[in-house]
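Please look over the sequence and the model below before reading on. The paragraphs that follow start from an open space at the surface of several helices and then move through the rest of the chain.

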Amino acid sequence: DNEAKESFITALRCDSEQLEALEALSKIYSTKKDSTNDEEELSILARIEDLAGLSSLQMNRFGNLHYNKKHYYDAIKYWQKDVEFSKSSASLFNLGLAYNQQEVSQYADAVDIWRLTTRRFPDFERPIEELAKILPRLLKLTHAARLQDKTLLSKDQWYSDYLNPFELLNPQNDFD
């Protein structure tokens, strides 16, 4: 792997847009278990994306690399793309992981994604395990929220007028 890696790096020095060398380096980096080359791999995947677009496996890998660096919104972007274009259980499940991060805090979306994953891939057990972890906490939050009054805001903090955000789009009169 090291000799092949050096050969591909040399090929890229000669032609930085050599797609075959970029693809091969991407595969070599993805098989390594350490994170020392993550920055290089991110750079290579970005170049492949610019030149030819990413495969489903590469989109998932790009998402994983961003997730490991705690760049959750970038990870979500690539996993959503992958889910759109492939039938990948990994990217669908991983979306739930990103939504479940405190920095993102889209917990209901995480639950929805994991439920969708279990429906599409009934033999995939990890989403079931994650749902078992998150649902009790969310149910407690739901119960606590229902104990509150109808609103948490005092009347002096209410809006006197409401503007429907869709009106700002200036839709046609017959727009449904």
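In this predicted model, helices α2 (19-31), α3 (38-51) and α4 each supply at least two residues of the lining of the largest pocket. The biggest share comes from α4, which gives 5 residues to that lining, and the volume of the pocket is about 170 Å³. Glu-23, Ser-26, Lys-27, Ser-30, Glu-41, Leu-45, Ser-55, Leu-57, Gln-58, Asn-60, Arg-61 and Asn-64 make up the lining. Sorted by class, these lining residues comprise 2 nonpolar, 6 polar and 4 charged ones.

A second kind of space is one that is closed off. How many cavities of 30 Å³ or more does a search of the whole structure find? The search finds 1 such cavity, and the space in the largest cavity comes to about 30 Å³. Its lining consists of Tyr-29, Lys-32, Asp-34, Asn-37, Asp-38, Glu-41 and Arg-61, and by class that lining has 5 charged residues, 1 polar and 1 nonpolar. Glu-41 and Arg-61 appear in the lining of the cavity and also in the lining of the largest pocket.

Asn-37, one of the residues that line the cavity, sits in the loop between α2 and α3. Is this loop residue buried or exposed? Asn-37 has a relative accessible area of 14% and is therefore buried, the cut-off for that class being under 20%. When residues up to four places away in sequence are not counted, Asn-37 touches Lys-5 and Tyr-29, and Tyr-29 is itself among the residues that line the cavity.

Helix α3 also holds Arg-47, which counts as partly exposed because its relative accessibility is 30%. Leaving aside neighbours within four places in sequence, the contacts of Arg-47 are with Leu-12, Ser-16 and Leu-22. As a sense of scale, Arg-47 and Leu-147 stand 52 Å apart in space, C-alpha to C-alpha, with their positions 100 residues apart in sequence.

Returning to helix α4, which spans residues 56-68, one finds His-66 there, and this residue counts as buried because its relative accessibility is 11%. Apart from neighbours within four places in sequence, His-66 is in contact with Leu-42, His-71, Asp-74, Ala-75 and Tyr-78.

Tyr-78 leads on to the aromatic rings, for which the count comes to 5 pairs. In one of these, the ring centres of Phe-62 and Tyr-78 are 4.3 Å apart and the planes meet at 35°, so the pair is classed as tilted. Because Phe-62 lies in helix α4 and Tyr-78 in helix α5 (residues 72-85), the pair ties together parts that are 16 residues apart in sequence. Both Phe-62 and Tyr-78 are buried. Ring pairs also link Tyr-67, Tyr-72 and Trp-79 into a cluster. A charge over a ring is found elsewhere, where Arg-137 lies over the face of Tyr-107 at 4.6 Å from the ring centre.

Between α4 and α5 runs a loop that contains Lys-70, a residue with a positive phi of about 65° although it is not a glycine. Lys-70 has a relative accessible area of 57% and is therefore exposed, since that class begins over 50%. A similar backbone feature occurs in the segment after α8, where Asn-170 is found; Asn-170 has a positive phi of about 55° and is likewise not a glycine. With a relative accessible area of 66%, Asn-170 is exposed.

Where, in contrast to these exposed positions, does the chain become enclosed? Helix α6 (residues 89-99) is largely enclosed by the rest of the structure, because 9 of its 11 residues are buried. The buried residues of α6 are Ser-91, Leu-92, Phe-93, Asn-94, Leu-95, Gly-96, Leu-97, Ala-98 and Tyr-99. The elements that cover these buried residues include α4 and α5, together with α7 (107-120) and α8 (126-147). Helix α4 thus recurs in this account, as it gives the most residues to the lining of the largest pocket, holds Phe-62 of the tilted ring pair, and is among the elements that cover the buried residues of α6.

Conventions: Residues are numbered from 1 along each chain as its sequence is written. This is a predicted model: local features need pLDDT of at least 70, side-chain atom pairs count only at pLDDT 80 or more; totals for chains, interfaces and linings use all residues. Side-chain values use heavy atoms; hydrogens and water are left out. On a 1 Å grid over the protein atoms alone, a cavity is a set of points where a 1.4 Å probe fits but cannot get out, and a pocket is an open set with protein on both sides within 12 Å along at least five of seven lines; lining residues have an atom within 4 Å of a point. Grid points are joined across faces, edges and corners, and a volume is the space filled by probe spheres set on the points. Ala, Val, Leu, Ile, Met, Phe, Trp, Tyr, Cys and Pro count as nonpolar, Asp, Glu, Lys and Arg as charged, and the others, Gly among them, as polar. Helices (H or I, at least four residues) and strands (E, at least two) are DSSP runs, numbered from the N terminus. Buried means under 20% relative accessible area, exposed over 50%, partly exposed in between (1.4 Å probe, protein chains only). Contact means heavy atoms within 4.5 Å. Rings of Phe, Tyr and Trp (its six-membered ring) pair if their centres lie within 6.5 Å; planes under 30 degrees apart count as stacked, over 60 as edge-to-face and the rest as tilted. A charge sits over a ring if NZ of Lys or CZ of Arg is within 6 Å of the ring centre and within 35 degrees of the ring normal.
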